[in-house]
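Please load the model in a viewer and keep the selection panel at hand. The tour proceeds by selections, each followed by a description of what is found there.

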Amino acid sequence: AVDVDPLTLTDGFHLLIDALKLNGIETIYNVPGIPITDLGRYAQGEGIRVLSFRHEQSAGYAAAAAGFLTKKPGVCMTVSAPGFLNGLTALAHATTNCWPMILISGSSEREIVDLQQGDYEEMDQLAVARPHCKAAYRILHAEDIGIGVARAIRAAITGRPGGVYLDIPGALLGQVMDAVEGEKSLVKVVDPAPAHFPGPDAVSRAVEVLKSAKKPLIILGKGAAYAQADEKVRELVERLGYPYLPMSMAKGLLPDNHPQCASAARSLVLKESDCVFLIGARLNWLLSHGKGKGWGSDPKKFVQIEIDPKEIDSNQPIAAPLVGDIESCCTALLEAIGDDWQKPSEDWTGMIRGKVEANIAKMAPRLQNNSNPMDYHAALGVLKKAIAENPDTVLVNEGANALDLTRSVVDVMKPRKRLDVGTWGIMGVGMGNAVAAAVETGCQVLAVEGDSAFGFCGMEIETICRYKLPVCIVIMNNNGIYRGDDVNRSGTSDPATTVFVPDARYDQMMQAFGGVGVNVKTPDELNTAVTEAFASRKPTLINAVIDPAAGKESGNIGSLNPQSIVAQA
Ligand code: ADP
Ligand code: MG
């Protein structure tokens, strides 16, 4: 018992909340429990929007996506050990994707944990978190909360963004200190992501390499989308006049129907180009590390805009690195190339346009088909139209075939309107992404989900219904992982390892929580259901029945599966 007037005191709970608010944190993605239940309650009471999820992994994915969408750290809050570990997957995902996120987890009593005396949910969380994130901190004293939160925010945003772990021992929350002293101890972070200009030599080197290109190509990555330098990026791409490929979450940075967009001629431009200009994109597995058959046999020169100097030369030698932030690098390059830039030859750009148009024309009839049961293309033709008519919609997407085919069929017309499985290709990000998209943008969300991917996060439809979010989920239900028609090779009555309950009615799950659930079997029915969902903005789940024989093993990345000699013999 403290012998002072509580009105002159503050405590760890309130200092933490005040520190977050002071730094512009408006939303917490939360799962309540010991020791952070009251922290969530009080944060809500103090005006932070606290959204409680059913599983920490989804709350964490939402925080990660919020980081990508807002350029501010998305905050996830969890209980100790198991809740922390669930959230850690998302923290690692945020770090891998270079998105700012802070995972705040309550932890057990330090004295007991460190002596391994078997506390409630005992775990050395700080040590466990450290290898999976950009930085990890623990706050032990109430008077350090201001600095601790400031460090977490700066570490998450500055340079290459990433995930930060903040360990909050339960005892910290109850610590008290003088309210005036407490307020003085808070820190507002100044300029957490300072502009980072490339040096003049680096700029002129890049211009020389670009000038020497005969068959140039730009690759836009999600770093360029994250940077929110949309006008500058567009100006640079258009001034250079190069064909460009958007990586999946850079789709819409320039509209997908832009005349320079080479998505529909991807194989051609990767193979034939002689100079590749990477803007906020890494030459990782998603680009076959910049080598191999798909990249053609002639040597290429690379130019790369990148915030993290260590990324340069990670897979291929980079002839002209531009280390800096996207906005500053684009500005510097635009100044250096001036207004009379020589655009690439019509031989190159015309050939690509021809290929793009031919491929789009070839695809068109498949998107109109009325096959029964529906295939992916028939369903996606409807969704492509829905997005084209409602370009502010955020498209969330995960699955194998549901992912690959949606990415190539559905055009995105505005920046940061596509959230998907990211660098790892994680299944189960969909509902977290959908919640964050609705909460952070206020826009309608369309989540195109494989039935398998949805299974990893499906319980969050209760969260979506509870907060009445404008989310329309379309489950591409082909009864299984990759396909729904695989056969058990043992002859027992178990289904094959990749097959689910046939004809499952995911729409009925949505109805259980008061949402709208619709079962559709034709493109027309799908069209009606999506149109109604967009008009009403009600939480909606559409179970789209897809041919179990549609879809291929691992979608477009089947080549990553190891092959068995024994099985082939
Ligand atoms: P994609 O998967 O779309 O190709 P990646 O995640 O591989 O994109 O690459 C994004 C890159 O962008 C990362 O290397 C990251 O360091 C970089 N990046 C992130 N933010 C910025 C920024 N503001 N300026 C420059 N580069 C950035
Ligand atoms: Mg499936």
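Select the shell around ligand 1 in this predicted model: by class, this shell has 11 nonpolar, six polar and seven charged residues. Next, label Gly221, Gly223, Met247, Ala281 and Arg282, which come nearest of the 24 residues around ligand 1. Then colour helix H11 (222–226) and strand S12 (301–306), each of which supplies at least two residues of the shell. The largest share, three residues, belongs to H11.

Extend the selection to residues 203–333, where UniProt, in an unreviewed entry, places the feature "domain: Thiamine pyrophosphate enzyme central". The chain over residues 203–333 is 31% helix and 18% strand. The C-alpha atoms at the two ends of this range are 6 Å apart.

Now display the open sheet, in which five strands follow the order S10-S9-S11-S12-S13 with parallel pairing. Strand S10 (244–246) and strand S13 (320–323) are the edges, each pairing on one side only. Neighbouring strands of this sheet are turned against each other by 15 degrees on average, direction ignored. Zoom in on S12 and S13, whose parallel pairing extends over four bridges. Ile305 has Leu322 of S13 as its bridge partner.

Add helix H10 (residues 200–212) to the view. H10 lies across strand S9 (216–220), strand S11 (275–279), S12 and S13. Relative to S13, H10 runs at about 140 degrees.

The remaining stops concern backbone geometry. Most residues other than glycine have a negative phi, and most peptide bonds are trans. The following selections depart from these tendencies.

- Select Ile34 and Pro35: the peptide bond between them is cis, with omega near 5 degrees. Pro35 is placed in the loop between strand S2 (27–30) and helix H2 (37–45).
- Select Asn372 and Pro373: here too the peptide bond is cis, with omega near 0 degrees. The loop that holds Pro373 lies between helix H15 (346–368) and helix H16 (376–389).
- Select Arg416, in the loop between helix H17 (401–409) and strand S15 (418–419). Phi of Arg416 is positive, near 55 degrees. Arg416 counts as buried because 25 other C-beta atoms lie within 10 Å, where the cut-off is 20 or more.
- Select Ser554, in the loop between strand S19 (540–545) and helix H23 (565–568). Phi of Ser554 is positive, near 60 degrees. Ser554 has 16 C-beta neighbours inside 10 Å and therefore counts as partly exposed.

Note on methods
Residues numbered from 1 in each chain as written. Chains lettered and ligands numbered in written order. Predicted model: local features only at pLDDT ≥ 70, side-chain atom pairs only at ≥ 80, totals over all residues. Near = placed C-beta within 6 Å. Nonpolar A, V, L, I, M, F, W, Y, C, P; charged D, E, K, R; others polar. UniProt positions renumbered as here; feature names shortened; annotations may be inferred. Pairing = 2+ DSSP bridges. Axes fitted to C-alpha atoms, helices over the stretch in contact; angles between N-to-C directions. Contact = placed C-beta atoms within 7 Å. Buried ≥ 20, exposed ≤ 12 C-beta atoms within 10 Å, placed from the backbone.
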